[in-house]
Amino acid sequence: MIQAVDFERFDEEDLVRLRIPMAPPLRWVNSYLLRGPEGVAIVDPGPRSEASEAVWEAAWDALGVSPDEVVSIVLTHHHPDHYGLAGYLQSLTGAEVYMSERSYEETRRMWGAGSTMNEALPSLYRRHGMPEEWSGQLPAHLRSFFAQVTPPPSVRFLKEGDHLVMGGRRWMAIETGGHAPGHLSLYEEERRLILCGDAVLPQISPNVSLLPGSDPQPLQTFMASLAKLRAVEVAKAFPGHRNPFPHFAERCAALIAHHEERLAMIEALLARGEMSGFEVCAALFGTDLGIHQMRFAMSEALAHLVELVRRGRAVEEAADLAGTVVYRLA
């Protein structure tokens, strides 16, 4: 069966948006192709799966692009739905793969030979009150992502302020965090365009997760990153999920307000009495979730709790001899 190719040309901006399939609830991730005298650049090729490989195989003809024209593959961040196919496409095209050094460190933390995340994350969640019926599902769930990120690419690092030519124009790297440490957005100043990955999304809030060994204050980092990006003059933003949008500064402000409201909501919960991280997670997001969404929900709840502690509005303490952590108002 011939795989359908879902793409859209943005002729005024000289780029193509290719929708790469992924698991619900997001259903697809945006991959962007830019063609210029230097060759073809791909931004965020998607997760590796049989379906995504089939889309790329069909896309070459549909887009009139030959794999040997691809000279660069740029990764906004390390999450499998953005990073996953980079090694596969590098082996097919011979292209250079670019990402930030911090983002690369996160790939090693998650999937490197010495990674302990499969043990460390369930341990963190148990310490914050997650029952075994949930935490026991995590090791197999985390292992399931290895197939989506294999083989790993050989990478070159981009840092804040570096420029990369894509589509015949110079794009500047802007490094932020919160959703993903070392996240890169690419900004083209002349036309005020930004390829913003998951740093800013038009309709949903990017997940902000506390993870073992990673950023200890991810929500603080995310809020600071939004303030930084809000100051960039943007006419049109091309995100990792959903559709391109013009109201970039307004969306940054709305996301900041959203997280301030959530912090206030958690304070109101703690006003009723001390709670574990899992109890806060269940109160915010419920428990009618699969393990994938529960992982996001739990780590997001913890990210907000540690931010309340940092601001002096909550206190973390051990509730029993087993070391289970609870939070109360300061």
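Which residues of helix α1 are buried? Before selecting anything, keep in mind that the model on screen is a predicted one. Then select α1, residues 50-63, and colour S52, E53, V55, W56, A58, A59, W60 and L63, for these are the residues of the helix that are buried.

**Helix α1 and its surroundings**

With α1 still selected, draw a line from its first C-alpha to its last: the 14 residues of the helix reach 20 Å, close to the 20 Å expected at 1.5 Å a residue. Next, display the elements around the helix, since what covers its buried residues includes the strands β1 (7-10), β2 (15-21), β3 (28-36), β4 (39-43) and β5 (70-74), together with helix α3 (86-93). Moving one step past the helix, select G64, which follows α1 and has a positive phi, near 70°.

**From β4 to β5**

Now select β4 and β5 together, two strands that run parallel and are joined by 4 bridges. One pair to pick out is I42 with I73, the latter being the bridge partner of I42 in β5. β5 itself is mostly covered, with 4 of its 5 residues buried.

In the loop between β4 and α1, select D44. Its phi is near 60°, a positive value in a residue other than glycine, and D44 is buried, with a relative accessible area of 2%.

**Helix α5 and a cis peptide**

Go on to helix α5, residues 117-127, and select N118 within it. Is N118 buried or exposed? N118 counts as buried because its relative accessibility is 17%, under the 20% cut-off for that class. Leaving aside residues up to four places away in sequence, N118 touches P139, L142 and R143.

From there, move to the loop between α7 (138-143) and β7 (155-157), where P151 lies. Turn on the backbone here, for the peptide bond that joins T150 and P151 is cis, with omega about 0°.

**The β8–β9 hairpin**

Select residues 163-166, strand β8, and compare its two faces: L164 and M166 make up the covered face, while H163 and V165 make up the uncovered one. This can be read against a general pattern, namely that in a regular strand the side chains alternate between the two faces of the sheet. Adding β9, residues 169-176, shows the partner strand, which runs antiparallel to β8 and is joined to it by 4 bridges. Within this pairing, M166 stands opposite R169 of β9. The hairpin has 2 residues between its strands, and G167 takes a positive phi near 60° there.

**Helix α8**

Which residues of α8 are buried? Select P218, L219, F222, M223, S225, L226 and L229, which are the buried ones. They cover an arc of only 160° around the axis, and therefore lie on the same side of α8. The elements to display around them include β9, β10 (183-188), β11 (193-197), α9 (248-270) and α11 (291-310), which are among what covers these buried residues. As for its length, α8 spans residues 218-230, and its 13 residues should cover 18 Å at 1.5 Å a residue, which agrees with the 18 Å between its end C-alpha atoms.

**Strand β12 and the loop after it**

Select A237 in strand β12, residues 236-239. A237 is buried, with a relative accessible area of 0%, and, not counting residues up to four places away in sequence, it touches I194, C196, P244, F245 and F248. A distance label between the C-alpha atoms of A237 and H247 should read 8.0 Å, for two residues that are 10 apart in sequence.

In the loop between β12 and α9, select R242. R242 has a positive phi of about 70° although it is not a glycine, and at 27% relative accessibility it counts as partly exposed.

**The largest pocket**

Finish at the largest pocket, whose volume is about 1,100 Å³. To centre the view, select L26, N207, H292, Q293 and F296, which lie nearest its centre among the 47 residues that line the pocket. The elements that give two or more residues to this lining are α2 (80-83), α4 (101-111), α9 and α11. Which element gives the largest share of the lining? That share, 7 residues, comes from α11.

Methods
Residues are numbered from 1 along each chain as its sequence is written. This is a predicted model: local features need pLDDT of at least 70, side-chain atom pairs count only at pLDDT 80 or more; totals for chains, interfaces and linings use all residues. Side-chain values use heavy atoms; hydrogens and water are left out. Buried means under 20% relative accessible area, exposed over 50%, partly exposed in between (1.4 Å probe, protein chains only). Two strands pair if DSSP finds at least two bridges between them. The expected span of a helix is 1.5 Å times one less than its number of residues. The arc is that of the directions from the helix axis to the C-beta atoms. Contact means heavy atoms within 4.5 Å. On a 1 Å grid over the protein atoms alone, a cavity is a set of points where a 1.4 Å probe fits but cannot get out, and a pocket is an open set with protein on both sides within 12 Å along at least five of seven lines; lining residues have an atom within 4 Å of a point. Grid points are joined across faces, edges and corners, and a volume is the space filled by probe spheres set on the points.
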